[in-house]
Amino acid sequence: FVADLVCGNPSLSVNTIQQKQFSVFPNPSNGAFTLSFSNGVHDVYFGTVTDITGRIVKTFSTNSDKVTIDCTNVNAGIYSLALTNGTVRFSEKIIVK
């Protein structure tokens, strides 16, 4: 699943861009997600996974084209995955079964 639009707040200092440069799969999953960047990674990206209340359940950083995000210890539900490299910010809804 690859979404084309990134939702963001244009008043933030981080640039909002139109085309997302990564995919997350499988989605939904049992909690183990693969994050794959389509154009390679040229910076370090910092990620957070938050639940619907905004509580951070996972943080990570990567400078790899592909990384596994382990959320197998969280309850089933809908979460938000946010990535930033300090210049751009991406977000994606992920579902843990």
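A salt bridge is a side-chain nitrogen of Lys or Arg within 4 Å of a carboxyl oxygen of Asp or Glu. By that criterion, the predicted model shown here holds one salt bridge, which is the subject of the first legend.

**Figure 1. The salt bridge between Asp-51 and Arg-55.** Asp-51 and Arg-55 form the salt bridge, and their closest N and O atoms are 3.1 Å apart. Asp-51 has a relative accessible area of 14% and is therefore buried, the cut-off for a buried residue being under 20%.

**Figure 2. The chain as a whole, as context for the close-up views.** The chain has seven strands and zero helices, so that, by the strand and helix assignment, its pattern along the sequence reads β-β-β-β-β-β-β. Of its 97 residues, 38% are buried. Among contacts with a separation of 6 or more, 50% join residues 24 or more positions apart. The chain exposes about 5700 Å², and 51% of this area is supplied by carbon and sulfur atoms. The average pLDDT is 83, and 80% of the residues score at least 70. Over residues 1–13, by contrast, the pLDDT is below 50, although this stretch has 23 contacts in the model beyond near neighbours in sequence.

**Figure 3. The largest nonpolar core and Leu-35.** The largest nonpolar core has 20 residues, and those with the most contacts inside it are Phe-22, Leu-35, Ile-69, Leu-81 and Leu-83. At least two residues of this core come from each of E1 (22–25), E2, E3 (45–50), E5 (66–70), E6 (77–84) and E7 (89–96). Leu-35 can be followed through its own contacts: leaving out residues up to four places away in sequence, Leu-35 touches Phe-22, Ser-23, Val-24, Phe-60, Asp-65, Lys-66, Val-67, Ile-69 and Leu-83.

**Figure 4. Strand E2 and its two partner strands.** Five of the six residues of E2 are buried, so this strand is largely enclosed by the rest of the structure. E1 and E2 run antiparallel and are joined by four bridges. E2 also pairs with E5, again in the antiparallel sense, over five bridges. In the pairing with E5, Ala-32 has Asp-70 as its bridge partner. Ser-36 lies in E2, which spans residues 32–37. The relative accessibility of Ser-36 is 17%, and Ser-36 therefore counts as buried. Beyond its neighbours within four places in sequence, Ser-36 is in contact with Gln-21, Phe-22, Ser-23, Phe-25, Asp-65 and Lys-66.

**Figure 5. The hairpin of E1 and E2, with Phe-25 and two cis peptide bonds.** E1 and E2 form a hairpin with six residues between them, and Gly-31 in the turn has a positive phi of about 120 degrees. Phe-25 is found in E1 and stands opposite Thr-34 in E2. With a relative accessible area of 33%, Phe-25 is partly exposed. Residues up to four places away in sequence aside, Phe-25 touches Phe-33, Thr-34 and Ser-36. Its C-alpha atom is separated by 8.3 Å from that of Ser-36, 11 residues apart along the chain. Most peptide bonds are trans. The bond from Phe-25 to Pro-26, however, is cis, with omega near -15 degrees. A cis peptide bond also joins Asn-27 and Pro-28, where omega is about 15 degrees. Pro-26 lies in the loop between E1 and E2, as does Pro-28.

**Figure 6. Asn-39 in the loop after E2.** Asn-39 has its place in the loop between E2 and E3. Its relative accessible area is 52%, and Asn-39 is therefore exposed. Asn-39 and Gln-21 are 18 residues apart along the chain, and their C-alpha atoms are separated by 6.6 Å.

**Figure 7. The pairing of E6 with E7 and the two faces of E7.** E6 and E7 run antiparallel and are joined by eight bridges. Within this pairing, Ala-82 has Ser-91 in E7 as its bridge partner. The hairpin of E6 and E7 has four residues between the strands, and Gly-86 takes a positive phi near 95 degrees there. Most residues other than glycine have a negative phi. Side chains alternate along E7: Phe-90, Glu-92, Ile-94 and Val-96 point to one face and are buried, whereas Arg-89, Ser-91, Lys-93 and Ile-95 point to the other and are not.

Terms used
Residues numbered from 1 in each chain as written. Heavy atoms only, no water. Buried < 20%, exposed > 50% of the residue type's maximum accessible area, 1.4 Å probe, protein only. Contact = heavy atoms within 4.5 Å. Areas by Shrake-Rupley, 256 points an atom, 1.4 Å probe, with all protein chains shown as cover. pLDDT = per-residue confidence, 0-100. Core = buried A, V, L, I, M, F, W, Y, C linked by side-chain atoms within 4.5 Å. Pairing = 2+ DSSP bridges.
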